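Biologist: I am new to this structure and would like a close look at a single part of it. Please pick one strand, describe its surroundings, and then place it in the rest of the chain.

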Amino acid sequence: MNSAAEFAGLDCAALPPRPVHLAIGMFDGVHRGHRTVIEAAVTSARQAGGVAAVLTFFPHPSAIFRRDDCTQLILPAAAKRRVLETLGVEAIITEPFTPEFSQIPAEEFLPLLRAKLPRLAGIYVGENWRFGRGRRGDAALLVREGRAGGISVFTAARVSWDGKPISSTRIRSLLVKGDVAAANKLLGYAYFAEGVVKPGKRLGRQLGFPTLNLDWAPECRPALGVYAVEVRGIDGRDRRNAVANFGLRPTVEPGATEPRLEVHVLGDCPFGEGDALLVDWRQFLRPEVRFAGVEQLQAQIARDRDAAAAFFAR
Ligand SMILES: Cc1cc2nc3c(=O)[nH]c(=O)nc-3n(C[C@H](O)[C@H](O)[C@H](O)COP(=O)(O)O)c2cc1C
Ligand SMILES: Nc1ncnc2c1ncn2[C@@H]1O[C@H](COP(=O)(O)OP(=O)(O)OP(=O)(O)O)[C@@H](O)[C@H]1O
């Protein structure tokens with residue numbers, strides 16, 4: 001897998017001197033719909049000997065337009081980058097979404113891109129993408145202006161699942177309900193967490209269920225509870241089936257406010273403190289519960305382990 005060059009805005013003179021094929025959008029989650037846009041840019045760039053680039057924005061526009069109800073991002077920046085790289089993206093340009101940027105009139109957007117990216121050859125967006133002040137710009141405007149300026153504009157048809165368009169919003173609402181199995185179908189890959197194993201209270205070992213503890217805090221939090229997961233080293237090594245709790249551990253840590261991801265590997269565990277891991281979420285098993293005592297917790301974790309093993313054996 002290639003690693004993508006990152007640029008903190010459109011002033012990116014260090015882009016390789018080749019024609020730029022630019023996919024544009026927030027791309028939070030990099031779901032199946034986003035992929036049709038990005039893959040079109042990657043394919044054209046490869047055919048034309050160009051650079052496959054993504055123009056994305058930070059923060060999410062809601063940080064300006066809906067300050068009291070800001071969108072909670074599915075993927076932290078590093079995870080988004082990881083997924084974009086798997087698609088063959090070579091450059092990620094993250095333009096700061098400032099109040100000034102949000103006021104650029106739609107008609108000035110393409111001229112701005114051409115001024116900043118003189119080798120711009122193609123633009124790739126979804127057919128419903130809107131841009132510019134008041135979201136007045138649409139794909140038709142890009143196509144018109146692109147034609148006049150010799151820039152090809154590709155608009156992807158909306159990708160649906162179960163008869164409804166796929167969107168980041170739809171995936172967020174599945175995750176907060178814990179429905180990772182459905183979220184994974186819309187994403188087109190397994191929702192994942194990445195983090196470094198931290199020391200725990202070592203109670204898990206006494207309970208007979210040692211856990212790998214990850215500090216991991218996405219903005220959009222999946223439902224607290226127990227999940228069947230697969231864990232592997234950050235480089236892909238040693239994939240193992242596991243059962244995980246994403247929660248506050250109310251039975252043993254009353255009053256905790258920060259959720260933690262605790263992973264119990266089924267069978268031998270090749271990982272330990274300090275290891276950087278990727279955790280792929282497969283199936284919600286149950287919500288987190290406050291038990292009367294550790295014996296009840298222990299008995300339930302044994303059932304969780306069996307439920308996860310049954311899930312992987314299905
Ligand atoms: C599969 C699994 C399910 C768990 N379910 C719960 C639960 O429902 N309620 C709870 O308070 N803690 C739950 N825990 C968290 C345990 O309390 C925690 O793993 C244990 O205290 C060990 O903590 P340590 O890693 O800091 O030693 C669960 C842990 C695992 C691995
Ligand atoms: N289902 C889809 N099919 C094809 N293209 C899509 C789809 N959803 C979004 N796109 C395109 O991908 C790019 C990024 O879109 P954006 O991140 O705003 O989408 P979204 O998933 O609808 O997000 P949100 O739900 O937060 O509005 C845009 O060019 C958009 O038109």
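Modeller: What follows goes from one strand to its partners, then to the ligands, and last to the other half of the chain. The model is a predicted one.

The strand is S13, residues 260-265. Six of its six residues are buried, so S13 is largely enclosed by the rest of the structure. In a regular strand, side chains point alternately to one face of the sheet and to the other. In S13 both faces are covered. Arg-260, Glu-262 and His-264 lie on one side and are all buried, as are Leu-261, Val-263 and Val-265 on the other.

S13 has pairing partners to consider next. Sheet strands pair through backbone hydrogen bonds, in a parallel or an antiparallel sense. Strand S12, residues 240-247, runs antiparallel to S13 and is joined to it by six bridges. Within that pairing, Val-263 of S13 has Ala-244 opposite it. Strand S10, residues 212-214, also pairs with S13 in the antiparallel sense, over three bridges. Here Asn-213 is the residue that stands opposite Glu-262.

One residue of S10 is worth following further. Leu-214 is found in this strand. It counts as buried because 23 other C-beta atoms lie within 10 Å, where 20 or more are required. Apart from neighbours within four places in sequence, Leu-214 is in contact with Leu-261, a residue of S13. Its other contacts of this kind are Ala-193, Gly-195, Val-197, Lys-198 and Leu-277.

S13 also takes part in the surroundings of a ligand. Around ligand 1 there are 25 residues, and Gly-200, Lys-201, Gly-204, Asn-245 and Thr-251 come nearest. The elements that supply two or more residues to this shell are S13, S12, helix H9 (203-207) and helix H10 (294-313). By class, the shell around ligand 1 has 10 nonpolar, eight polar and seven charged residues.

Now the wider setting. The protein is divided into domain 1, residues 5-165, and domain 2, residues 191-313. Their centres, taken over C-alpha atoms, are separated by 36 Å. Five residues from domain 1 and five residues from domain 2 make up the contact. On the side of domain 1 that touches domain 2, four residues are nonpolar, one is polar and none is charged. Leu-214 gives another distance: it is 51 residues from Gly-163 in sequence, and their C-alpha atoms are 37 Å apart.

A further sheet should be described for comparison. It is an open sheet of six strands in the order S1-S4-S3-S2-S5-S6, with parallel pairing. Strand S1 (5-7) and strand S6 (152-156) are its edge strands, each pairing on one side only. Direction ignored, neighbouring strands of this sheet are turned by 20° against each other on average. S1 and strand S4, residues 91-96, run parallel and are joined by three bridges; Ala-5 has Ala-91 as its bridge partner in S4.

Helix H1 lies across strand S2 (20-24), strand S3 (51-58), S5 and S6, at about 160° to S5. H1 also gives the most to the shell around ligand 2, with four residues. Of the 21 residues around ligand 2, Gly-25, Gly-33, Gly-126, Trp-129 and Thr-169 come nearest. By class this shell has 10 nonpolar, nine polar and two charged residues.

Methods:
Residues numbered from 1 in each chain as written. Chains lettered and ligands numbered in written order. Predicted model: local features only at pLDDT ≥ 70, side-chain atom pairs only at ≥ 80, totals over all residues. Buried ≥ 20, exposed ≤ 12 C-beta atoms within 10 Å, placed from the backbone. Pairing = 2+ DSSP bridges. Contact = placed C-beta atoms within 7 Å. Near = placed C-beta within 6 Å. Nonpolar A, V, L, I, M, F, W, Y, C, P; charged D, E, K, R; others polar. Axes fitted to C-alpha atoms, helices over the stretch in contact; angles between N-to-C directions. Domains from an automatic or database assignment.
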